[in-house]
Amino acid sequence: MSVVQSNNEWDPLEEVIVGTLEGAANLTWEIGFEAVTAVEHLERSRSYHLQAAGRPISPLAVNKAKQELDEFVNVLKNEGVTVRRPDTVQHARPIVTPNWTSIGGNCQANPRDVLIVFDDEILEAPMAWRSRYFEFWAYRTLVKKYFASGARWTAAPKPEMSDASYDPNWVRGESYVTSEYEPLFDAADIARCGRDLFIQRSHVTNDMGIEWLRRHLEPRGYRIHRVEFDDYRAIHIDATFVPLAPGKLMVNPDRPLKEMPEVLKHSDWEIREAPRSTLPESHPWFHSFRWLSMNVLNVSETKVVVEAEEGPMQDFLSDWGLEPIPVAFRNNYSFGGSFHCATVDIRRRGGLKDYFS
């Protein structure tokens, strides 16, 4: 039997990949990055990244976050979870393709963006930013071992990411920066509920990407539900639309669904709005990070890892019959995510089920 086996976000977690921070570089400023930057930070972010692009992240910033990440790994191991780590890749080097160049890459802190598991298949996402083009490289050693164990291994078509992949005339709040030139998607735009998969149209996932997933997965009995949210910088579904357990869906009060999927309209799932984060508004990146409080990781159907300073979120989970496991993680926010982003679940105990029949 394959080591790889996962079908939802809540079955008992048995094996997981947790990202690493070594080798991280400052992101290159590019049109896709600009599209998801909060307007409050736009000029400051552009100025910073145009100067710092491609340089290694400072050891001081890495060390503080690494202490949190190591403790997170210890918590998972204490819960009986096998933890795997990707290879270290030095991202402070140029990326060159026949169509374009990038001053540098990103990091391997967020495996959720790159990989996703559908039953016994591990799939590599194409990604949508040039700086993340080779980010899958850090996971190849692990994926080859999973393949040797019997897993199916699929890589979505590698995109050209030429200028045609992006709409130069995109309008903030009205259109997406990704064109329909070729399939693009990040794995973190997919929320799994057994046979039902909710996939967000966003600045990193286009309709061609959703259609590619539909044709790939529907013949195997999956149902694809395209979703959109009122979010001018939409990227990744896991701080917006978070299934916590069968019948329990946490949603973002600031990012309402533009249209409720039919499957949810006719279900008995309870939908609750997440509480607001305790991240201070004085935090320099408040507008970018405040909803990472929703980026939680289920260890089981009842246990959920949540940021240690997010008291309202812990109370929210407890009131809903879940047990929060507080872990400090805010220094990791600057690497692009929280607990869900920093992991990809490889094996959860439980089979492929229908939760909306």
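Which strands each supply at least two residues of the lining of the largest cavity? They are β8 (190–193), β11 and β14 (297–298).

## Ground rules

This is a predicted model: local features need pLDDT of at least 70, side-chain atom pairs count only at pLDDT 80 or more, and totals for chains, interfaces and linings use all residues. Residues are numbered from 1 along each chain as its sequence is written, and side-chain values use heavy atoms, with hydrogens and water left out.

Strands (E, at least two residues) and helices (H or I, at least four) are DSSP runs, numbered from the N terminus. Two strands pair if DSSP finds at least two bridges between them.

## The largest cavity

Rolling a probe the size of a water molecule over the atoms shows where empty space is left. Here a cavity is a set of points, on a 1 Å grid over the protein atoms alone, where a 1.4 Å probe fits but cannot get out. Lining residues have an atom within 4 Å of a point. Grid points are joined across faces, edges and corners, and a volume is the space filled by probe spheres set on the points.

The whole structure holds three cavities of 30 Å³ or more. The largest has about 100 Å³ of space. It is lined by 13 residues, and E9, D238, V242, P243 and H340 are the closest to its centre. Strand β11 gives the largest share of this lining, three residues. By class, the lining has eight nonpolar residues (Ala, Val, Leu, Ile, Met, Phe, Trp, Tyr, Cys and Pro). Three more are charged (Asp, Glu, Lys and Arg), and two are polar (the others, Gly among them).

## The sheet with β8

Strand β8 also belongs to an open sheet of three strands. The order is β8-β9-β10, and the pairing is mixed. β8 and β10 (223–227) are the edge strands, each pairing on one side only. Neighbouring strands are turned by 20° against each other on average, direction ignored. Such angles run from 0 to 180 degrees between N-to-C directions, and axes are lines fitted to C-alpha atoms, for helices over the stretch in contact.

β8 and β9 run antiparallel, joined by four bridges. A191 has F198 as its bridge partner in β9. Two residues lie between the strands of this hairpin, where G194 takes a positive phi near 65°. On the other pairing, β9 (196–200) and β10 are parallel over five bridges. There F198 partners H225, and I199 stands opposite R226.

## Inside β9

In a regular strand the side chains alternate between the two faces of the sheet. In β9, D196, F198 and Q200 point one way, while L197 and I199 point the other way. Five of the five residues of β9 are buried (under 20% relative accessible area, 1.4 Å probe, protein chains only). Helix α6 (207–217) lies across β8, β9 and β10, running at about 165° to β10. Contact here means heavy atoms within 4.5 Å.

## The sheet with β11

Strand β11 is part of another open sheet, ordered β11-β12-β13, with mixed pairing. β11 (241–245) and β13 (270–273) stand at the edges with a single partner strand each, so one side of each lacks a neighbour in the sheet. The average turn between neighbouring strands of this sheet is 30°, direction ignored.

β12 (248–251) and β13 run parallel, joined by four bridges. One bridge pairs L249 with I271. Helix α9 (311–319) lies across β11, β12 and β13, at about 160° to β13.

Conventions: On a 1 Å grid over the protein atoms alone, a cavity is a set of points where a 1.4 Å probe fits but cannot get out, and a pocket is an open set with protein on both sides within 12 Å along at least five of seven lines; lining residues have an atom within 4 Å of a point. Buried means under 20% relative accessible area, exposed over 50%, partly exposed in between (1.4 Å probe, protein chains only).
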